Structure formats: structure tokens, C-alpha cells
Amino acid sequence: MTQEQILKSLESVIDPELRRSIVELDMVRSIEIGANGVIDVTVSLTTPACPIRGHFQTSVAQAVSALEGVTHVNVYFDVLSDTQKAALQQKLGRGNLPDGALAQVANVMCIGSGKGGVGKSTLTANLAAALTAEGKRVGILDADVWGYSIPRMYGLGATRPPVSPERKILPLEAHGVKVMSIGFFLEEDAAVVWRGPMLHKALTQFLQDVAWGTLDYLLIDLPPGTGDVSMTLAQLLPQAQFVIVTTPQPTAQKVARRSAEMANKVSLEICGVIENMSSFATPDGERYAIFGEGGGQDLADELDVPLLGKVPLTMPLREHADSGTPLVLEDPDDPAAQAIRHAARGLVAMAPMPLPVLQMQQAEPPAPVAPAPPASPKPAGMSLPMA
Ligand SMILES: Nc1ncnc2c1ncn2[C@@H]1O[C@H](COP(=O)(O)OP(=O)(O)OP(=O)(O)O)[C@@H](O)[C@H]1O
Ligand SMILES: [Mg+2]
């Protein structure tokens with residue numbers, strides 16, 4: 001019996017979440033053939049707390065034991081390094097999310113920034129509404145468990161979400177968007193103290209025990225900074241993408257760069273930058289660059305990702321956030337709303353999804369092969385007329 005034979009037998013071991021063989025996924029770290037037919041196999045997992053460990057334990061042992069001459073199989077585990085994880089992510093491409101509640105979610109996007117108050121939540125709320133207006137099915141997970149603000153921005157009070165007969169939490173729905181927030185479970189304005197394990201559990205529940213259903217986009221509103229929540233989510237969602245929000249001044253850009261570094265460290269793909277609070281225009285058209293200029297473009301250039309939009313300061317954006325209806329729905333022509341809709345279209349262009357109709361045509365042998373949808377060009381560093 002040879003290493004090749006053993007490796008071949010391991011092709012039958014399928015990662016139930018990624019739905020591919022552990023050989024194809026490069027997760028077989030080592031195979032050692034010992035005396036008397038004892039085989040040691042080490043499998044690399046994506047995270048140390050991989051819940052499907054037991055599955056691998058059994059299937060690896062079964063697959064290898066079937067070979068002639070094998071008397072005993074020891075299965076060991078280690079964890080993929082960051083580089084290996086990045087390679088795996090590359091191999092899987094986008095949109096391959098774990099089974100369970102997120103199985104039918106095509107794109108997960110975290111909206112983050114290095115610091116607070118730059119407009120993450122406002123942009124998340126409005127991007128979700130803009131994507132819905134583009135005909136996409138969208139959910140928002142408010143992951144700011146300390147300073148949740150999405151319920152207010154969507155006019156949802158402290159209503160407890162219902163639980164389905166399958167014991168899944170049903171997200172609340174407003175303006176066509178499914179919303180989940182810790183705010184739904186707390187007394188209004190109650191302070192929350194979260195410690196490590198509780199925080200991890202709450203976020204895991206939001207992802208695994210919420211019936212998100214079929215979504216084109218799940219937008220995740222992150223708390224400020226690069227702390228525990230971002231790390232936990234990165235661990236739970238290795239395929240999520242990251243949108244960085246910054247204000248235009250150079251110091252803000254430096255802070256935002258830190259969140260980019262964090263995203264890189266945990267192998268999350270950064271898909272773009274949105275500059276918020278870009279400038280303010282008076283009713284007679286005079287422009288004031290209150291928070292400076294150019295920071296978003298500089299950061300996008302530095303990270304080599306597109307600048308998805310420059311969202312100006314406008315009073316209605318703030319007013320609508322406070323009153324519970326996203327501005328893009330009420331006044332799509334407001335300059336801030338236009339910029340956000342533009343950014344939303346940029347996100348759509350980056351994650352092209354094959355039309356179901358085309359897929360069906362391709363699956364039918366007699367039909368002529370449908371031409372592949374043209375690759376959408378990556379929007380690159382566009383600057384908007386109004387900003
Ligand atoms: N472009 C804008 N024009 C006017 N007001 C804005 C704009 N962007 C955000 N705001 C306002 O700025 C304040 C902070 O925005 P928001 O809560 O979205 O920031 P955040 O980054 O989510 O903050 P935190 O870090 O606390 O979660 C809000 O009152 C919001 O209405
Ligand atoms: Mg916020």
C-alpha cells in the first residue's frame with residue numbers, strides 16, 4: 001500500500017460544508033504508513049472549532065480502512081495556516097458559504113471601518129434598500145451588538161422576532177429587507193455587556209439559527225474598530241467580503257487602513273471603499289469639503305480596490321436615518337442617495353450572478369449552448385459628478 005493509494009481513497013471524504021473532497025481542497029496535511037498496517041492521517045481544518053470534526057474522523061478512518069493491509073487508522077487534525085486558507089478561499093471562489101441558515105445566501109458583505117461614527121450603519125441601511133430597489137433579495141445583520149442602530153434606521157422597535165416551527169428565528173422585515181439585530185431582544189436603550197464567549201455565541205446564532213432564506217446579499221453592519229466581532233465573523237464566514245467606509249481626511253484614512261490590515265490578516269477579501277461625508281453642498285450649489293478631500297480614493301488606490309462611491313453630507317440622509325425610512329427609498333434623487341445607489345450598483349457589478357434562466361438553458365443538452373454572460377467590468381475609481 002502506498003501514499004498514493006491512501007490519498008486516492010481519501011477522495012471519497014467530502015467536506016459537508018464545502019461539498020468537495022478533502023483531497024481536492026488540499027486539506028490532507030500528511031499520510032504516514034507505520035508498521036503492521038497502522039496509518040496516520042492528518043487533516044487540516046479551516047478553524048480549530050470545526051464542528052464537522054467527527055464527520056472527518058469517521059469518514060477518513062472508513063475510507064482508509066477499506067484498503068487492503070490496513071489494520072488501524074489514526075486521524076489527527078491541525079488548522080490551515082492563513083496562507084492556506086487564502087488559497088482555499090481562492091479555489092472556492094465567491095459565494096460558497098457554509099451549509100445551514102446561510103446556505104442560500106449568495107454574497108455576504110461586512111461593512112466596516114477603523115473608527116466610529118463614519119456612517120457604516122447609515123450606509124448599510126441605505127445600501128440594502130438600494131440593492132432591494134435593484135431587484136435583489138437583501139438581509140441586514142446588525143452585528144454592532146453594543147451600539148445597534150439598524151432597528152431605528154428601519155423603523156423597527158423592540159419587537160421580538162417570531163420563532164418558526166423548526167425553531168429558527170425569523171428575521172423582521174421592513175422596506176423589503178430582512179433585518180436581525182440584538183436590539184430586537186433587549187429593552188429599549190438597555191446597555192449590553194458582552195464578553196468573549198457570549199459574543200461569539202450570539203453572532204453564531206445570528207448566522208446559524210436565523211432563517212435568512214434565499215438572499216442575494218446579506219449585509220453585516222460591523223461595530224467600530226477591528227475587535228472581537230470582526231474576528232469572530234471572519235472565522236465564521238471565511239467567504240465574506242469587506243467594504244471599508246472612510247471619511248475623506250487623511251487621518252481617517254489611516255484608521256480605515258487598520259481595518260484593511262485586519263481584514264487581510266483574517267483572509268477576508270476587501271471588495272471596495274466607500275467614502276462618506278465627502279463634501280457638503282449648500283442649496284445654491286456652493287461646496288464645502290468639511291472633512292477634507294481625497295481620502296477615499298487614496299485608500300482605494302493603496303488597497304488596489306475600487307472606490308465604490310463618494311457619499312456627500314446631506315441633511316436628509318441623517319433625517320431619514322432617524323425617522324426609520326432609508327433615504328434612497330424616499331428621495332432617490334438626493335445627492336447622497338444617488339451616490340449610495342451608484343455604490344450599490346458597483347457591488348452588483350462585482351458579484352455577477354448567473355441568471356437562473358441561462359443556467360437552465362445550459363443544462364438542457366439539445367438547446368444550443370447559451371453564451372456566457374459577459375464578465376461585468378470591475379468598477380474602478382469612478383468619481384461622482386455630485387461629490
Ligand atoms: N453622508 C451623511 N450625511 C449626513 N449625515 C450622515 C451621513 N453619514 C452619516 N450621517 C450621520 O452621522 C451619524 C453617524 O452615522 P452612523 O451611525 O451611520 O455611523 P457608524 O459608523 O455606524 O457609527 P458607529 O461606529 O457608532 O456604529 C448619524 O447621525 C448619521 O445619520
Ligand atoms: Mg453603526
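This is a short tour of a predicted model, moving from the whole protein chain to its cores and then to the surroundings of ligand 1.

Begin with the protein chain in a cartoon view, where the secondary structure comes to 13 helices and 14 strands. Of the 387 residues in the protein chain, 41% count as buried. If you consider the contacts between residues at least 6 apart in sequence, 74% of them join residues at least 24 apart.

Next, select M109, L219, I220 and I340, which touch the most other members of the largest nonpolar core, a set of 79 residues. Helix α12, spanning residues 335-350, gives this core its largest share, with nine residues. A second core, separate from that one, has 14 residues, and to find it you can select V13, I22, I39 and V41, which are among its members.

Now return to I340 and display its contacts: leaving aside residues up to four places away in sequence, I340 touches L123, N126, L127 and A130, and also G309, V311 and V328.

Finally, select ligand 1 together with the 21 residues around it, of which G116, G119, S121, T122 and P224 come nearest. To see which elements give two or more residues to this shell, colour α4 (120-133), β12 (269-281), β14 (307-313) and α10 (315-323). If you then colour the shell around ligand 1 by residue class, you will find eight nonpolar, 10 polar and three charged residues.

Key: Residues numbered from 1 in each chain as written. Chains lettered and ligands numbered in written order. Predicted model: local features only at pLDDT ≥ 70, side-chain atom pairs only at ≥ 80, totals over all residues. Core = buried A, V, L, I, M, F, W, Y, C linked by C-beta atoms within 7 Å. Buried ≥ 20, exposed ≤ 12 C-beta atoms within 10 Å, placed from the backbone. Helix = DSSP H or I, 4+ residues; strand = E, 2+ residues; numbered from the N terminus. Contact = placed C-beta atoms within 7 Å. Near = placed C-beta within 6 Å. Nonpolar A, V, L, I, M, F, W, Y, C, P; charged D, E, K, R; others polar.
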